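Hi everyone, thanks for coming. I'd like to walk you through a structure that may be new to you, so please have a look at it with me.

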Amino acid sequence: MILALLLALQGPLSARADTVKTTHDAIRYDILIAVSDTGAHFVGEVETLWVLGSDAPVVVPLDSAMRVVRVLIDGKDNTRVHRTAYGRQDNIVYIPHDKQAGDTLTTRIRYHGVARDGLVVRIDSSGNRTFFADNWPDRAHLWLPVQDHPSDKAEVNFRVEVPLDLQVIANGTLIKVDTLARNRVAWQFRLDTRIPPSNFVFGAARMAVSPLTPTSCSAPCVPQAAWSYPQDSAYAAQAFSVAPAIVEYLSGIIGPFPYPSLAHVQTSTRFGGMENATAIFYAAQLYPAKQVGEEIIAHETAHQWFGDAVTEADWHHLWLSEGFATYLAALWLGHVHGDSAFQAKMQHHADAVFGKKGKDGVFVNNPVTETPIVDTVATDLMGLLNTNNYPKGAWVLHELRGLVGDSAFFKGLQLYYTRYRNGTALSADFERVMEETSGQQLGWFFTQALMLPGYPMLTVRWRPVGHTVELEVVQVQPPTWGLRQIPKLEIDVGGTLVTVDASGATTKLTVPVSKEPTSVIVDPQHKRLLQAKVERAP
Ligand SMILES: [Zn+2]
């Protein structure tokens, strides 16, 4: 997703630690939601197909604002044996059974209520009621009884019953719209591939739909559409006209688009954009302000591959989503606007990691930089939406690309996608794939990039001595950031490019030159995330 705007609204409901360890595997959810004609109340019924991991009860969390009215187990009413513990935050529905590991079980939970969060009900500027799910990171269980953890991906089918004048969007393909009594209709969607619970969404509102017709798209094209409030439909059609080209570009460098279609939807998400599989939700207020730019579209679209199709199995590896989407959006900008646009964007990301530059030119460090990207002790999930997982994560990929070369890097991206598509992965899985395609041992690189805080800070002193230049490269970053391995560091010495292994605390070398250089430039092609201060020694 892209951060916006409304993060100040975050509450403790979304701040659970990463303590969910799933025992059973939810394979498919069939979700029925019937929204009220007049208010925020809804009735839900969620049927789940489980593959059991043991004979332990199935345990499903559901926010205490929801009232469970019935639980069926394999189609039978078992009101007497299941029990719901009504907690202050979560209801826990315990569902005992007499099956074993490997068996399948179907549970069906009927409930109702007004969601405190997760399903956001509002009145739009035209006075119409809108319903939009907004689940990241673990707010799905505030309105859906689901195993709310990214490691348990599942197929999802939605049936959403609404008043006749509302349009409905949900994950997957629209199967049919049934007419019901009392001016109501039921919209049915199906998605046969597994996605994480943070992605289980529907939206219901008065919306206009603009198909985004590809102009020069090579087959197979992905049908895309812009869904917006009617008054913003002209802007939406124009803003998202770039979407087919983005999907085509990303398909070319990563592999086939993971899903049958893609909708770009104006919604009440608290984020600037949220990458729900097949239905990206964008913040409504971006539209009248005309602030839906191509970078946010490219970022959220890139998440369809990384985040949705390949999902980090653990919150702490969020960079596998956000770093990838951030980097792929920068690549898109470079593809369309040239290498200088890409370089400018990566510099912008580097500056975000470094923090603010003070009056004296010294960076005031960003406190997030004091923690590693994979910060296994972090318990505030919203806090993970930080400069480590976004811009620094993007720089991990860019440095890796510089290290292994374009061919191995992009082959690695493609193989990682192919191997983990519709599944989950951790950083070590990505590392293994990159070692495979590059033929290099990369453990040192990933450990340094993901497990150490900070980045290298160098002082480079140079002194002309006869027909040579003496260079001294000193690592001066805080000791808590650790000494870095910096192989193949490029330094431009008056037009002569030298490559040095600057892995030690101090590295010295002598460079032959034909005439005295006027300048020395560290990492002239900006392949590294580092700060370097260059001094001419007296
Ligand atoms: Zn993102």
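Before we start, one bit of vocabulary: Ala, Val, Leu, Ile, Met, Phe, Trp, Tyr, Cys and Pro count as nonpolar, Asp, Glu, Lys and Arg as charged, and the others, including Gly, as polar. Please also keep in mind that this is a predicted model.

Let's begin with the empty space inside. Rolling a probe the size of a water molecule over the atoms reveals where such space is left. How many cavities of 30 Å³ or more does the structure hold? There are two of them. The largest cavity has a volume of about 110 Å³. It is lined by 18 residues, and those closest to its centre are Trp 136, Pro 196, Ser 198, Thr 311 and Glu 312. Here is where our vocabulary comes in: the lining of the largest cavity is made up of eight nonpolar, six polar and four charged residues.

Let's stay with Trp 136 for a moment. The peptide bond that leads from Trp 136 to Pro 137 is cis, and its omega is near -5°. Where is Pro 137? You'll find Pro 137 in the loop between strand E10 (129-133) and strand E11 (154-163). For context, most peptide bonds are trans, and most residues other than glycine have a negative phi. That second point brings us to Lys 290, a residue other than glycine with a positive phi, near 55°. Lys 290 also sits in a loop, this one between strand E20 (279-283) and helix H3 (294-303).

Now on to helix packing. Two packed helices are described by the angle between their axes and the distance between the axes. Take helix H2 (residues 243-254) and helix H7 (residues 406-420): their axes come within 8 Å and cross at roughly 95°. Angles of 65 to 115 degrees count as roughly perpendicular, so H2 is roughly perpendicular to H7. Which residues meet there? From H2 come Gly 252, Ile 253 and Ile 254, and from H7 come Phe 410, Gln 414 and Tyr 417. By type, this contact has four nonpolar residues, two polar and no charged.

Last topic: aromatic rings. The structure holds 30 aromatic pairs. One of them joins Phe 42 and Tyr 111 edge-to-face, at 6.0 Å centre to centre with 90° between the planes. This pair links distant parts of the chain, since Phe 42 belongs to strand E2 (residues 42-51) and Tyr 111 to strand E8 (residues 104-113), 69 residues apart.

Thanks for listening!

Terms used:
Residues are numbered from 1 along each chain as its sequence is written. This is a predicted model: local features need pLDDT of at least 70, side-chain atom pairs count only at pLDDT 80 or more; totals for chains, interfaces and linings use all residues. Side-chain values use heavy atoms; hydrogens and water are left out. On a 1 Å grid over the protein atoms alone, a cavity is a set of points where a 1.4 Å probe fits but cannot get out, and a pocket is an open set with protein on both sides within 12 Å along at least five of seven lines; lining residues have an atom within 4 Å of a point. Grid points are joined across faces, edges and corners, and a volume is the space filled by probe spheres set on the points. Axes are lines fitted to C-alpha atoms, for helices over the stretch in contact, and angles run from 0 to 180 degrees between N-to-C directions. Helices (H or I, at least four residues) and strands (E, at least two) are DSSP runs, numbered from the N terminus. Angles under 35 degrees count as roughly parallel, over 145 as roughly antiparallel, 65 to 115 as roughly perpendicular and the rest as oblique. Contact means heavy atoms within 4.5 Å. Rings of Phe, Tyr and Trp (its six-membered ring) pair if their centres lie within 6.5 Å; planes under 30 degrees apart count as stacked, over 60 as edge-to-face and the rest as tilted.
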